[in-house]
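Grab a pencil and have a go at these exercises before peeking at the solutions.

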Amino acid sequence: MSKETTRREFLKSSALAAGSMGAHAAKLSSAGSLQAARPLGTLHGLDVPPPSKASLWITSGNDRMLAVPPVEWKPTSGEATTEAIRVLPQNTFQEILGFGGCFSDASCYQIMRLPSALREELLHDLFHPSGLGLSVNRTCIGSADSATEVYSYDEGDADPDLTRFSIDHDRAYVLPVLRRVAELNPEVFYFSSPWSPPGWMKWNKSMLGGSMSRQYLSSYARYFSKFIEAYAKEGVNIQAITTQNEIDTDQHGQMPACTWSQECETEFITDHIGPLFEKLGLPTKIWILDHNYVYWGRVISELDNPDFKRYVNSVAWHGYVGEPGMMSKVLAAHPDVQMYFTEGSSDYNDPHYRDDWTKWSSTYADVLKNGCRSATAWNVATDENGKPNIGPYPCGGIVIINGHSHEVVRSGQYWALAHYSKSIKRGGRRIETQSEAANLSHVAVKNPGGDTALILTNPGAARTVQVYYGLFTATVQLKENCVVSMVWS
């Protein structure tokens, strides 16, 4: 596989044939969300008090999260045009958890190589509430592809009693970063994912590719509980785990990976890790799938099993293959399910690495409008060559840290996350937005304090749009290739 082969291209070849199950279909709106389409005039007559001036921030061209003059709301007159967005606060959906990135081994390694003052500046910018306030962050259980080496927490020959279990590898630079981030942002929510069990638990006896051996399911359940308990002793609270990163690909044996049949995963949940967490009283939640939209059929089938659903009611999604609307099919079949977008990777080779904010903002709008409570990027940081990396993919980070000059380069993904994480607060509720405008993404959230946040994404030419809220309207100028945050009370 050439260096230029993208993660998306590879996963397409391995996953397009999967996940096409059943007819649990919901009627989707043109925006792809699980909601019935309504005419734009639905809100007329609703008793919505006059909103305050709307504060605006824009990213476009040379502007980065630039505060621009607020816009006034005026009484609505006349019919809405197609260049209109209507915000319907009475129609509420899922509660929002937040946004973040993954503290891969590579990310923590690069962050800890920074001089202490620069490291503190970067962490403050990314995670402190006065900065981006990224609060839903992933960690790796053992090595992923973005790592300095292949490792697990129990290396060597078969050790079903886990007598060798140790998280010593993480003490040098992973745990110090996680602890500091938790100090900077006490609201941080950590969830963790394995790319592979220890090699001795698999048929190929390697962490690279292969599949799980059922004889070690009980040991692997205890491997998870030992990890959670060991991290807790180090001051890092893991609030959720996914059972496997990308559960249906072995990555051709080129990196840590493990395939799980649905039958094997069901046995692991219902007979091993679910009962064990219950017995130990672990509050850590179990999330399933951690893979692409196209596997929606597998998810529905698993959740249809009451023994399975006793322990699991949360799904983690990646967006490399399929369409976001596929997630809404799961929500239609299981309206109580909680969903999370847990990985989307930048490419450090991409000529638009620094300015693809509309791509990522549109992605985040789509996943929120299809039921996700959070959106988490892949690496927080890599170097200018996507290193450390033991895998085949050119993965970048939310930021790139130059290994020689220590210069920090912010990606387009960074700026998209800035708009979402700074405007949308934990505990907010997504509210309905409607528009007939072409090539315009939109999503709105009612925050706990009463503010409303609307994120608009315009990947095309400059345009003027009207935002309708109750019986009031505001005119918003959208520059070419821009993201706009609009917040009012």
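Here are three exercises on strands and cores, worked through on a predicted model.

**Exercise 1.** Work out which strands stand at the edges of the open sheet of three strands.

*Solution.* Start with the strand order, which is β13-β14-β15, with mixed pairing. Next, count partners: β13 (381-382) and β15 (408-410) each have a single partner strand, so one side of each has no neighbour in the sheet, and these two are the edges. Then look at how β13 meets β14 (residues 399-401): the two run parallel and are joined by two bridges. To pin the register down, find Thr382, whose bridge partner in β14 is Ile400.

**Exercise 2.** Find the strands that pair with β4 through four bridges and through six bridges, and give the sense of each pairing.

*Solution.* Take β4 (residues 84-95) and go to β19 (residues 463-469): this pairing is parallel, over four bridges. Ala84 gives you a handle here, as its bridge partner in β19 is Gln466. Now try β16 (residues 429-435), which runs antiparallel to β4 and is joined to it by six bridges. Here Glu95 sits opposite Arg429 of β16.

**Exercise 3.** Which residues touch the most other members of the largest nonpolar core, and which helix gives this core its largest share?

*Solution.* Among the 105 residues of this core, the ones to pick are Phe103, Tyr231 and Trp317. The helix is α5 (residues 217-233), which supplies nine residues. Now zoom in on Tyr231: beyond its neighbours within four places in sequence, its contacts include Tyr153, Ile167, Leu178 and Ile238. Finally, don't mix this core up with another one lying apart from it, which has 25 residues, including Trp73, Val87, Val467 and Phe472.

Terms used. Residues are numbered from 1 along each chain as its sequence is written. This is a predicted model: local features need pLDDT of at least 70, side-chain atom pairs count only at pLDDT 80 or more; totals for chains, interfaces and linings use all residues. Side-chain values use heavy atoms; hydrogens and water are left out. Two strands pair if DSSP finds at least two bridges between them. A nonpolar core is a set of buried Ala, Val, Leu, Ile, Met, Phe, Trp, Tyr and Cys residues joined through side-chain atoms within 4.5 Å. Buried means under 20% relative accessible area, exposed over 50%, partly exposed in between (1.4 Å probe, protein chains only). Contact means heavy atoms within 4.5 Å.
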